[in-house]
Amino acid sequence: MRICLVDYRDPQQADALVRLLDAYACDPAGGGQPLDAEVKRQLPAALAARSHAFSVLAFDAQGEPVGLINCFEGFSTFACRPLVNVHDVVVLSKARGQGVAQRMLACVEEEALRRGACKLTLEVLSGNVPALNAYRRAGFDGYELDPAFGQAVFLQKKL
């Protein structure tokens, strides 16, 4: 297995990124709908234009892409340092259970440390037990400041 940071301008890596993200979008855990054609066309260049974005690809022994993680740098005001949000995690069904996510997350952690980040964050659907277990194996846990206030809850407002 080969794990690498994505060069968004490399046509093969850009194609792998789009195909894997589309596979995730089509999966029920990703919403069950394919990516819009315009999103597929624009995504690699849009990511390349953002210095705070980076992605990781996993290739199997035959060189086929089987995993993807997209990440975005944020900022922790409490630590006055960057943080890295793990935004999309994709492992094709044929490669699940082989440690692909663990190896990609280790690469993400290395890049986050290189960027001086103080922590990694991610969100996951509560019913996605295999993903929750994989993230816990990688050292992720619920976020809270004071147990009396409970754990953080991820919310959204579409615009």
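These are my notebook entries on a predicted model of one protein.

**Entry 1: layout**

I started with the secondary structure and counted four helices and five strands. Reading from the N terminus, I wrote down the order β-α-α-β-β-β-α-β-α. Next I looked up the radius of gyration, which is 16 Å. The globule rule gives 15 Å for 159 residues, so I noted the protein as being as compact as a globular protein of that length. For the extents, the C-alpha trace spans about 50 × 35 × 30 Å along its principal axes.

**Entry 2: surface, burial and charge**

How much of the protein counts as buried? I got 35% of the 159 residues. The accessible surface comes to about 9,900 Å², and carbon and sulfur atoms hold 53% of that. I also checked the contacts between residues at least 6 apart in sequence, and 56% of these join residues at least 24 apart.

Then charges: I have 17 positive and 18 negative side chains on my list. The centres of the two sets lie 1 Å apart.

**Entry 3: the cores**

I went looking for nonpolar cores, and the largest one has 22 residues. Which of its residues touch the most other members? My list reads Ile69, Cys71, Val84, Val86, Val100, Met104 and Val108. The elements giving two or more residues to this core are β2 (53-59), β3 (65-76), β4 (81-91), α3 (100-114) and α4 (129-137). Helix α3 gives the most, with seven residues.

I picked Val100 for a closer look. Leaving out residues up to four places away in sequence, I find Val100 touching Met1, Ala58, Val66, Gly67, Val91 and Ala95. Apart from the core just described there is another core, of 17 residues, and its members include Val6, Ala25, Ala53 and Leu57.

**Entry 4: two residues of α3**

I stayed on helix α3 and looked up Gln102, which lies in this helix. Is Gln102 buried, partly exposed or exposed? With a relative accessible area of 25%, it is partly exposed, because buried would need a value under 20%. Again skipping residues up to four places away in sequence, Gln102 touches Ala134, Arg137 and Ala138. I also took the separation from Phe140: the two residues are 38 apart along the chain, and their C-alpha atoms are separated by 11 Å.

Arg103 also went on my list, and it too lies in helix α3. Arg103 has a relative accessible area of 42%, so I marked this residue as partly exposed. What does Arg103 touch, not counting residues up to four places away in sequence? I found Met1 and Ile3. Arg103 and Ala58 are 45 residues apart in sequence, yet their C-alpha atoms are 8.3 Å apart in space.

**Entry 5: a positive phi**

I checked backbone torsions next. Most residues other than glycine have a negative phi. Cys80 caught my eye here, with phi near 55°, a positive value in a residue other than glycine. Where is Cys80 found? I traced Cys80 to the loop between β3 and β4. Its relative accessible area is 58%, so I logged Cys80 as exposed, the cut-off being over 50%.

**Entry 6: after the last helix**

My last stop was Phe154, in the segment after α4. Is Phe154 buried or exposed? Phe154 counts as exposed, because its relative accessibility is 57%. I then looked up where Phe154 sits relative to Glu123: they are 31 residues apart in sequence, and 7.1 Å apart in space from C-alpha to C-alpha.

Definitions and conventions
Residues are numbered from 1 along each chain as its sequence is written. This is a predicted model: local features need pLDDT of at least 70, side-chain atom pairs count only at pLDDT 80 or more; totals for chains, interfaces and linings use all residues. Side-chain values use heavy atoms; hydrogens and water are left out. The radius of gyration is taken over C-alpha atoms; the globule rule is 2.2 Å times the number of residues to the power 0.38. Buried means under 20% relative accessible area, exposed over 50%, partly exposed in between (1.4 Å probe, protein chains only). Contact means heavy atoms within 4.5 Å. Accessible areas come from the Shrake-Rupley method with a 1.4 Å probe; for residues, only the protein chains shown count as cover. Lys and Arg count as positive and Asp and Glu as negative; His and the chain ends are not counted. The place of a charge is taken as NZ of Lys, CZ of Arg, CG of Asp or CD of Glu. A nonpolar core is a set of buried Ala, Val, Leu, Ile, Met, Phe, Trp, Tyr and Cys residues joined through side-chain atoms within 4.5 Å.
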